[in-house]
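Subject: A structure for you to explore

Hi there,

Here is the structure I promised to pass on to you. Please open it and turn it around a few times before you read my notes.

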Amino acid sequence: MEFLIIIGLIFILYVAWKYWTLFMGAGYDPAPMDKVYKMLAIANVKSSDVVYDLGCGDGRILLTAARKFGARAVGIEIDPFRFLFAWFITLLSGQSRKIRIRFGNFFKHNITDATVVILFLYGPTNNRLKGKLSRELKPGTRVVSYIWRFDDWELVDFSPEDRIYLYTIS
Ligand SMILES: C[S@@+](CC[C@H](N)C(=O)[O-])C[C@H]1O[C@@H](n2cnc3c(N)ncnc32)[C@H](O)[C@@H]1O
């Protein structure tokens with residue numbers, strides 16, 4: 001009986017840790033690696049780019065942008081454990097010259113130096129971000145969203161089977 005209670009508590013803690021950030025913008029669900037590569041490829045990321053991942057989770061998009069595409073990358077993460085994990089993995093990877101991880105709420109961070117922004121969040125959060133993206137990003141900045149489309153932004157490119165959507169700030 002005690003064993004079942006402990007397993008139940010661990011399960012509840014795990015679900016709470018994974019989903020508490022839903023109230024901030026999105027729960028935790030790491031993007032599959034093939035989609036990570038395709039998101040960066042559809043944005044035609046180059047070594048001159050600064051790639052932002054809003055809600056960077058374990059940092060996999062940042063690491064791929066730096067390692068495979070030679071770009072600089074910035075992640076913003078509100079969950080302290082995921083932030084520390086991404087920071088530690090970046091340190092171990094030898095890519096820390098190219099990658100910055102910021103702790104906190106992406107709604108409160110300045111993202112003006114981005115040339116590519118990657119989003120794997122939640123539909124209503126994308127819509128809440130529209131004003132910030134339009135205000136802070138330079139014309140020509142590419143915005144890639146995984147799973148969720150922007151309601152009224154014109155698509156530049158998309159991969160329907162991967163549910164990856166590319167937009168450009170005008
Ligand atoms: C669906 S996961 C995507 C993780 C990563 N981008 C990937 O594709 O593997 C969304 C991430 O956004 C983070 N997040 C949600 N709301 C946030 C906010 N307001 N500010 C910063 N991070 C946030 C969550 O903690 C979670 O790690």
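Below is what I found, going from the whole chain to the sheet, the helices and the ligand. Please keep in mind that this is a predicted model.

**The whole chain**

Let's start with the parts list: the protein chain has 5 helices and 7 strands. If you walk along the sequence, they come in the pattern α-α-β-α-β-α-β-β-α-β-β-β. The radius of gyration is 16 Å, close to the 15 Å that the globule rule gives for 170 residues, so the chain is as compact as a globular protein of that length. Along its principal axes, the C-alpha atoms fill a box of roughly 60 × 40 × 30 Å.

Two percentages help to describe the fold. Of the 170 residues, 36% count as buried. Among contacts with a separation of 6 or more, 67% are between residues 24 or more positions apart.

**The sheet**

In what order do the 7 strands lie in the sheet? The order is 3-2-1-4-5-7-6, in an open sheet with mixed pairing. Strand 3 (99-103) and strand 6 (157-159) are at the edges with a single partner strand each, so one side of each has no neighbour in the sheet. From one strand to the next, the twist averages 15°.

Now try following a few neighbours across the sheet:

- Strand 1 (residues 50-54) pairs with strand 2 in the parallel sense, over 5 bridges. Here Tyr-52 stands opposite Val-74 in strand 2.
- Strand 1 also pairs with strand 4 in the parallel sense, over 4 bridges. Tyr-52 stands opposite Val-117 in strand 4.
- Strand 4 and strand 5 run parallel and are joined by 4 bridges. In this pair, Leu-119 stands opposite Ser-145 in strand 5.

Strand 4 deserves another look. Are its faces covered or open? Both are covered: Val-116 and Ile-118 are buried on one side, and Val-117 and Leu-119 are buried on the other.

**Helices against the sheet**

Helix 2 (residues 33-42) lies across strand 4 (116-119), strand 5 (142-146), strand 6 and strand 7 (164-168). Its angle to strand 7 is about 25°. Helix 3 lies across strand 1, strand 2, strand 3 and strand 4, and runs at about 175° to strand 2.

For a single residue to practise on, pick Ala-41, which is found in helix 2. Is Ala-41 buried or partly exposed? Ala-41 has 14 C-beta neighbours inside 10 Å, so it counts as partly exposed; a buried residue would need 20 or more. You can also check a distance: Ala-41 and Arg-142 are 101 residues apart in sequence and 12 Å apart in space, C-alpha to C-alpha.

**Around the ligand**

How many residues surround the ligand? There are 24, and the closest are Gly-25, Ala-31, Gly-55, Gly-57 and Ile-78. The elements that give two or more residues to this shell are helix 3 (60-69) and strand 2 (72-77). By class, the shell has 13 nonpolar, 5 polar and 6 charged residues.

A nice way to begin is to find Tyr-52 in the viewer, then look for its two opposite residues, Val-74 in strand 2 and Val-117 in strand 4.

Enjoy exploring, and write back with any questions!

Best wishes

Conventions:
Residues numbered from 1 in each chain as written. Predicted model: local features only at pLDDT ≥ 70, side-chain atom pairs only at ≥ 80, totals over all residues. Near = placed C-beta within 6 Å. Nonpolar A, V, L, I, M, F, W, Y, C, P; charged D, E, K, R; others polar. Rg over C-alpha atoms; globule rule 2.2 N^0.38 Å. Buried ≥ 20, exposed ≤ 12 C-beta atoms within 10 Å, placed from the backbone. Contact = placed C-beta atoms within 7 Å. Pairing = 2+ DSSP bridges. Axes fitted to C-alpha atoms, helices over the stretch in contact; angles between N-to-C directions.
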